[in-house]
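Visitor: I'd like to learn how to read strands and cysteines in a model. Can you walk me through it?

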Amino acid sequence: MAVSREQSAAAPSPFTPIADYAFLSDCHTGALIAPDGSVGWLCVPSFDSPSIFGTLLDRQAGYFRIGPFGIHHPTARAYEPGTNVLVTTWKTPSGWLEVRDALTLGPHEEPDAVTPHTRPPNDNDADHVLVRTVRCLDGLVEVELVCEPVFDYGRVPAEWTMGAGPQRHTADATGAGCTVGLQTDLSLGLEGDRVRARHNLRAGEEIYCALSWATDRATVPDLDDARRRLDTTVRCWRGWLDRARIPDHRWRDAIQRSALAIKGLTYMPTGATVAALTTSLPETPGGERNWDYRYTWMRDSTFTLQALHYLNLDWEADEFMQFIADLEPNKDGSLQIMYGIDGRRDLTESTRDDLSGYAGARPVRVGNGAFDQRQNDVFGAVLDSILLHTRRSQRLPRRLWAIVEAQARCAEAVWREPDQGIWEARGEPQHYVSSKLMCWVALDRAAALAEIRSDAGLAAGWRATADEIKQDILDNGVTEDGVLRQHYATDSLDASTLLAAIFGFLPHDDPRLRATVDAIAERLTEDGFVLRYRTDETDDGLAGREGSFLICSFWLVSALAVVGEEQRARDLMERLLRIASPLGLYAEEFDVATGRHLGNFPQAFSHLALIEAAARIIVIEFRHEYLSV
């Protein structure tokens, strides 16, 4: 009888390692570019639209590449400094080639008809086009272009309409109600469901191609215009980054790349932030822990606000708060745990069983069935973010106060009830400590906001409830060893209890806080990297194990800094920075055994936690430096 073994993240596979993808964004949608120059993931016109290129999830789900013919491994890949513009350099047997890729941005005077804005428009907006230029640096290189979109997550092949003229430099592809237009200075030929071109480039020569889903698809008529759009996009990203406060510190590059990733995962029309660019990248190689993360989680709100305000990006912080203020609550006034990037509430989950999944990990999911789960941590995340924003902006808008009252009253009403917990477990509801803790955060922050409004009566009532929640946690949520439990019916550990340090639930010198941090560091880690929980001890409704969670490891950095373990915090931070992708990005998980990233990519939560953890250590170091002067 054959022995069943878990699949390794490093198993031989035609699927590109997750961390090897480059991330492009125009703040409406994003693309992942594989090292071979192919577009592995692109949804148009927005982050949560169906994919038109999806080799990330199925090798037959759409393909678009321009690069040297027959050569698939580049010499170097890097972002142009301070941007999300990618430069790939190729060495071939006969020459050298450079490819620049970007989802382009630029000044726009007319309202966006593709993805209309509910927020005030910025000076620069998306062109709704992917621009790619190819320049021969030396010698002679044969270049190939292949464009084969497959619409609706690989279900609908393209129907092509070729442009007029003998050279045929344009072509439109249509399917599933979507049309994209390809323009290039190469001569295109139609081969079944794809268009293709080949051309020999000599030293100093340059060509371009552009794929557009704008309403007017004749947008990039020539190479000069392609160069102009790329150069403008570089200036847009650098101009945005110039507004950010990036400390002069050895971790400056990591913080800067995280800031660019978070901005790239922001949906400009509404101010929402997607949790990740992708759906269904597996947490377990070959397994079923595959989720759609192209939505906005309320849980992320406080970490988003922390990061944006730390970086001095107050405009983006306000945009996100206004998005939250626009959301439609449940009948009881509570907010859902997640919403669509356009604010929609219904995120009904379905599976695409015709797709193979990333390296065989199935099912592929569209939508997220956890959207209507009960998760009592949502109230604390929202109210902490409002308090952060109020203190920074020095005002509490009327429309935000209504949210404060509603979320505080909801937290008061439900904090005694079990829920699914912060990790959206699909097992039985439990009295999760982190959920109770975040209800405490909700009432504690609501009381502080009531004091800002000079409403002493409300403040006193909410403070009393916060004290009651805290006592309940300390009575029922602490083991005999003084460690915070996962939930009241177990002594198992859960990394979410590290939030007790991050949100100030206990003083930094409380022995229970120190015991919790030490227990997680010693017993809930693999080679020093933190797991969410032990899957063999937790009923999460799913089979298989998972890798270490990067956000949890960054939380441990923050918690170690809070309890005074500065060197341990610094050591773990350095290890986490060393495992970033070749381009400085992070997925959701890290597989210690193979050194591979797992889960959806790039993951906003990982980058938000990186900034928060770095900030805590940098503040401590700068304080020491100041005091030593």
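Guide: Sure, let's start with one spot: cysteine 43 stands opposite serine 51 in S4. This is a predicted model, where local features need pLDDT of at least 70, side-chain atom pairs count only at pLDDT 80 or more, and totals for chains, interfaces and linings use all residues. Residues are numbered from 1 along each chain as its sequence is written, and side-chain values use heavy atoms, with hydrogens and water left out.

Visitor: How many bridges link strand S3 and S4, and in which sense do they pair?

Guide: In general, strands are DSSP runs (E, at least two residues), numbered from the N terminus, and two of them pair if DSSP finds at least two bridges between them. Here S3 (residues 39-43) and S4 pair in the antiparallel sense, over two bridges.

Visitor: In what order do the four strands form the open sheet?

Guide: The order is S1-S2-S3-S4, with antiparallel pairing. S1 (22-25) and S4 (51-53) are the edge strands, so each pairs on one side only.

Visitor: And how many disulfides does the structure hold?

Guide: A disulfide is a pair of cysteine sulfur atoms within 2.5 Å. The structure holds zero of them. Take cysteine 27: the nearest cysteine sulfur, in cysteine 236, is 9.8 Å away.

Visitor: Why is cysteine 136 without a bond?

Guide: Because its sulfur is 17 Å from the closest cysteine sulfur, in cysteine 209, which is too far.

Visitor: Is cysteine 27 buried or exposed?

Guide: Buried means under 20% relative accessible area, exposed over 50%, and partly exposed in between (1.4 Å probe, protein chains only). Cysteine 27 is buried at 2%, and cysteine 136 is buried at 1%.
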